[in-house]
Amino acid sequence: MLEVWSWPTPNGHKVHIALEELGLEYKVIPVNIGAGDQFKPEFLKITPNHRIPAIVDPDGPGGKKFTLFESAAILIYLSEKTGGKLIPKDPIGRYKCLEWMMFQMGGIGPMFGQWNHFAAYAVEKIPYAIDRYTNEVRRLHRVLNHRLDEVEWLAGSEYSMADIITFPWIRGAERRNIDLNDYPSVKRWHDAIAARPAVQRGVAVLADRARKGTITDAERENYFGKTQFTAR
Ligand SMILES: N[C@@H](CCC(=O)N[C@@H](CS)C(=O)NCC(=O)O)C(=O)O
């Protein structure tokens, strides 16, 4: 059975949602990134980048065992494994889908992640860094809102992997002091996705393991400390 090595974070939930939407059977292997599981040799065999998510498909290309990391690559792989589901078939829809997937991977993920780091997790609060990433988080919401003023879904007229990859980062916007009522088209889109049964099953994966409360020193060390530089 296909294994997803994961944890209940936005990047993990992308893959859980895609698997649920595609109706694929899968087994979750929890990688507790707060406890340092990402540095264990068995996980490093799957991904040299020691970040979740990663998958192991015993029935990969050529019928051989196959490993893959980076969430966008995983979503494209899962689509192709199921005959191209959730990526539009028409060329314009397909490229728009890939465009917005790249926008998530190159923009929303890294910028929101840096906001989390400097505004929520860092011990030293640096006003310049907090301002920089607050501005980026707001700007990226405005870019999404502008797109969703014009089309129903990010790829255009079809719900797709572009929506699945972006939704987990917009879910819980209030954590980044964002009120979705200020971005009405994003809110309309968010609420439509949140209502999908497959999405509800996807975000429930490992939900009981999600980190609650203030970050501990041990977690901070695993996420941002020196361990990551000695893992490889
Ligand atoms: N670009 C990667 C990002 C993966 C990523 O940053 N994962 C985080 C959790 S959301 C992680 O594993 N962090 C563990 C760590 O930093 O040690 C993807 O989209 O798969």
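## Packing of α7

Two residues count as being in contact when their C-beta atoms, placed from the backbone, lie within 7 Å of each other. With that in hand, let's take a tour of this structure, which is a predicted model.

A good place to start is helix α7 (184-194). Its buried residues are V186, W189, H190 and I193. They span an arc of only 100 degrees around the helix axis, so they sit on the same side of α7. A little helical geometry is useful here: an α-helix has 3.6 residues a turn, so residues three or four places apart point the same way. The partners against which the buried residues of α7 pack are α5 (127-150), α6 and α8. On the other side of α7, P184 and D191 are exposed.

## Two domains and their contact

The protein divides into domain 1, made of 2-85 + 202-230, and domain 2, made of 91-195. Their C-alpha centres are 20 Å apart. Domain 1 brings 12 residues to the contact, and domain 2 brings eight.

On the side of domain 1 that touches domain 2, the elements giving two or more residues are α1 and α3. The biggest contributor to this side is α1, with six residues. By type, the residues on this side of domain 1 are six nonpolar, three polar and three charged.

## The core between the domains

The largest nonpolar core has 48 residues, and those with the most contacts inside it are A18, L75, C97, M161, A162 and I164. Because domain 1 and domain 2 both give residues to this core, it lies between them.

Where does L75 sit? It is part of helix α3. L75 counts as buried because it has 26 C-beta neighbours inside 10 Å, where 20 or more is the cut-off. Setting aside neighbours within four places in sequence, L75 is in contact with K14, A18, M161, I164 and I165. L75 also lies 9.4 Å from A162, C-alpha to C-alpha, although 87 residues separate the two along the chain. From the other direction, I164 touches K14, I17, A18, E21, L75 and L86, again not counting residues up to four places away in sequence.

## Helix α3 and its cover

L75 has buried company in α3 (residues 71-81): S71, I74, L75, I76 and L78 are all buried there. The elements that cover the buried residues of α3 include α1, β3 (54-57), β4 (66-69) and α6 (161-170). After α3 comes G83, with a positive phi near 75 degrees.

## Around the ligand

How many residues surround the ligand? There are 15, and the closest are T9, N11, I33, R51 and S71. Helices α1 (10-22) and α4 (91-121) each supply at least two residues of this shell. The shell is made up of six nonpolar, seven polar and two charged residues. S71, one of the closest residues to the ligand, is also among the buried residues of α3.

## Backbone details in the loops

Some loops deserve a second look. Most residues other than glycine have a negative phi, and most peptide bonds are trans. Against that background, the peptide bond from I52 to P53 is cis, with omega near 0 degrees. P53 belongs to the loop between α2 (41-44) and β3.

Positive phi values turn up at N177 and L206. N177, a residue other than glycine, has a phi near 60 degrees and lies in the loop between α6 and α7. N177 is exposed because just 11 other C-beta atoms lie within 10 Å, and 12 or fewer is the limit for that class. L206 is not a glycine either, yet its phi is positive at about 60 degrees. L206 occupies the loop between α8 (197-204) and α9 (217-224), and its 19 C-beta neighbours inside 10 Å make it partly exposed.

## An exposed proline

One last stop is P61, in the loop between β3 and β4. Why does P61 count as exposed? Because it has 10 C-beta neighbours inside 10 Å, and a residue with 12 or fewer falls in that class. P61 is 57 residues from V4 in sequence, and their C-alpha atoms are 17 Å apart in space.

How values were computed: Residues are numbered from 1 along each chain as its sequence is written. This is a predicted model: local features need pLDDT of at least 70, side-chain atom pairs count only at pLDDT 80 or more; totals for chains, interfaces and linings use all residues. A residue is near a molecule or strand if its C-beta atom, placed from the backbone, lies within 6 Å of it. Helices (H or I, at least four residues) and strands (E, at least two) are DSSP runs, numbered from the N terminus. Ala, Val, Leu, Ile, Met, Phe, Trp, Tyr, Cys and Pro count as nonpolar, Asp, Glu, Lys and Arg as charged, and the others, Gly among them, as polar. A nonpolar core is a set of buried Ala, Val, Leu, Ile, Met, Phe, Trp, Tyr and Cys residues joined through C-beta atoms within 7 Å. Domain bounds come from an automatic or database domain assignment. The arc is that of the directions from the helix axis to the C-beta atoms.
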